[in-house]
Amino acid sequence: MLEILYRDEFIIAINKPSGLLVHKSFYARDAKVYAIQELRNQIGGQHVYPIHRLDRKTSGVLLFALDKEVLKIMNDRFATREVEKKYLAILRGWSPEELTIDYDLINDDEVKQTAITYFHRLQNAEVALAFNNKPTSRYCLVEAIPETGRMHQLRKHFKHIFHPILGSRPHGCNKQNKLWLENYDLKGMMLHAHQLIFNHPITNEQLILNAKINEEFSRVGAILTLDLKKYE
């Protein structure tokens, strides 16, 4: 059963599990379960309309409209950047303390799109995991706030600055992913949409929705001795 974070007569938000598709996709034709149908079944067959998207492997806050008029209002607010999305990610290496990544991305239609991500580092970690002839490996926990919403934006941006998200495929470090798969059986991706801030489409009241990290994220955090209590 999906964890419902917020619900009224206009919108509903869930904490999407990692591995669950939002809807049918050409890129994942093997999937038979989708967030749309699962949520619809859970709330008695009522239609739900996804307002934004999360990658299949990304967990966290996912917002739906309960009618098409609300969907249009919220789509406009996302388009005009009136909604703030905050993500937690575990990266390879120790990133800069804070940085705005302004790096255009090419979509599937070969069109260049503006893409901007701000992030700041929360914690550093170093573990006794040999890699590239070094006895230890370094990682960090960051909070990322994308100003635009391009496909795989965070994954591509962090790879661009040479601090890929742990567990990201294909926009990650294959050698690191293999290392963690062999040593810790890590199959997930360490990217979680932990907070969504926006004004209600009807009342205009500010809403701050928080989604707890999943067990896999907590497990990796424990391996790295990261303090994740406030997110669990």
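**Why these residues earn their labels**

Reader: What makes Asn132 exposed?

Author: In this predicted model, Asn132 has a relative accessible area of 54%. Exposed means over 50%, so Asn132 is called exposed. Its place is the loop between β9 (116–127) and β10.

Reader: And what is the phi of Asn132?

Author: Phi of Asn132 is near 55°, a positive value, and Asn132 is not a glycine. Most residues other than glycine have a negative phi.

Reader: His152 also has a positive phi. Is His152 buried or exposed?

Author: Happy to go through that one. Phi of His152 is near 60°, and the residue sits in the loop between β10 and α3. The relative accessible area of His152 is 18%. Buried means under 20%, so His152 is called buried.

Reader: Why is Gln195 called buried?

Author: The reasoning is alike: Gln195 has 14% relative accessibility, and the cut-off for buried is under 20%, so Gln195 counts as buried. Gln195 belongs to strand β11. Setting aside residues up to four places away in sequence, Gln195 touches Val61, Glu84, Lys85, Lys86, Ile208, Leu209 and Asn210.

Reader: How do you know that the side chains of Gln195 and Asn210 make a polar contact?

Author: The side chains of Gln195 and Asn210 come to 2.7 Å. A polar contact needs a pair of N or O atoms within 3.5 Å, one able to donate a hydrogen and the other to accept it, so this pair is called a polar contact.

Reader: What makes the peptide bond from Arg169 to Pro170 cis?

Author: Look at omega: for the bond from Arg169 to Pro170 it is near 5°, and the bond is cis. Pro170 is in the loop between α3 and α4 (174–184). Most peptide bonds are trans.

Reader: Now the interior. Which residues touch the most other members of the largest nonpolar core?

Author: Among its 28 residues, those are Leu39, Phe64, Phe158 and Ile165. Elements giving two or more residues to this core include β2 (11–16), α1 (35–42), β4 (59–65) and α3 (153–160). A second, separate core has 20 residues, among them Leu88, Leu129, Leu166 and Phe217.

Reader: Why is a group like that called a nonpolar core?

Author: Because its members are buried residues of listed types, Leu, Phe and Ile included, joined through side-chain atoms within 4.5 Å. In soluble globular proteins, nonpolar side chains tend to be buried together.

Reader: What is Phe158 in contact with?

Author: Apart from neighbours within four places in sequence, Phe158 is in contact with Leu91, Ile101, Phe119, Val142, Ala144, His163, Pro164 and Ile165.

Notes: Residues are numbered from 1 along each chain as its sequence is written. This is a predicted model: local features need pLDDT of at least 70, side-chain atom pairs count only at pLDDT 80 or more; totals for chains, interfaces and linings use all residues. Side-chain values use heavy atoms; hydrogens and water are left out. Buried means under 20% relative accessible area, exposed over 50%, partly exposed in between (1.4 Å probe, protein chains only). Helices (H or I, at least four residues) and strands (E, at least two) are DSSP runs, numbered from the N terminus. Contact means heavy atoms within 4.5 Å.
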